[in-house]
Amino acid sequence: MRKAYKKNYNPLDMPSITTRAQNEALDAWARGDNVVVVAVPGAGKSWFLLQACLRQRDGDAVILVYNNELEAEVSALIDKNGLSGRVRCFTFHGLFSQCVSLAPDDCTLEHSIVEVRRGKLPSTA
């Protein structure tokens, strides 16, 4: 009998059940190989990244996500799983803002990238 989940369950809260392909990818990543995961929204890419971070106990990691909502969800799961000391989650704009210059929107981001390419490093946020 299948277990019934709440309507708005979070798949990252589910037990760590992996397919053979996921295990092979996680093992490759643990060896230091580059791993590319391409999938539709909701397929488990963020879950995969958190599993990889949980399995590797040393080193820091950055998880880059598409939007602010997913960034908040993944950041909460990072905290919940005790990874906040070594794993951070950002949107692309957030990471750029943290490392280079405040980029709250695409226009500001594009302008900052052009300036960086010209050798003019904007002031950091």
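**Exercise 1.** Among contacts in the protein chain between residues at least 6 apart in sequence, what percentage join residues at least 24 apart?

*Solution.* Start with the ground rules: this is a predicted model, where local features need pLDDT of at least 70, side-chain atom pairs count only at pLDDT 80 or more, and totals for chains, interfaces and linings use all residues. Numbering runs from 1 along each chain as its sequence is written, and side-chain values use heavy atoms, with hydrogens and water left out. Now take contact as heavy atoms within 4.5 Å. The share comes to 52%.

**Exercise 2.** Work out how strand 1 and strand 2 are arranged.

*Solution.* First, get the elements from DSSP runs, numbered from the N terminus: helices are H or I with at least four residues, strands are E with at least two. Reading along the chain gives α-α-β-α-β-α-α. Next, look for pairing, which takes at least two DSSP bridges between two strands. Strand 1 and strand 2 pair in the parallel sense over five bridges, and one of the matches puts Ala61 opposite Val87 in strand 2.

**Exercise 3.** Find which side chains of strand 1 are buried (under 20% relative accessible area, 1.4 Å probe, protein chains only; exposed is over 50%, partly exposed in between).

*Solution.* Go along the strand: Ala61, Ile63 and Val65 point to one face and are buried. Val62 and Leu64 point to the other face and aren't buried. Then check Ala61: leaving aside neighbours within four places in sequence, its contacts are Cys53, Arg86, Val87 and Arg88.
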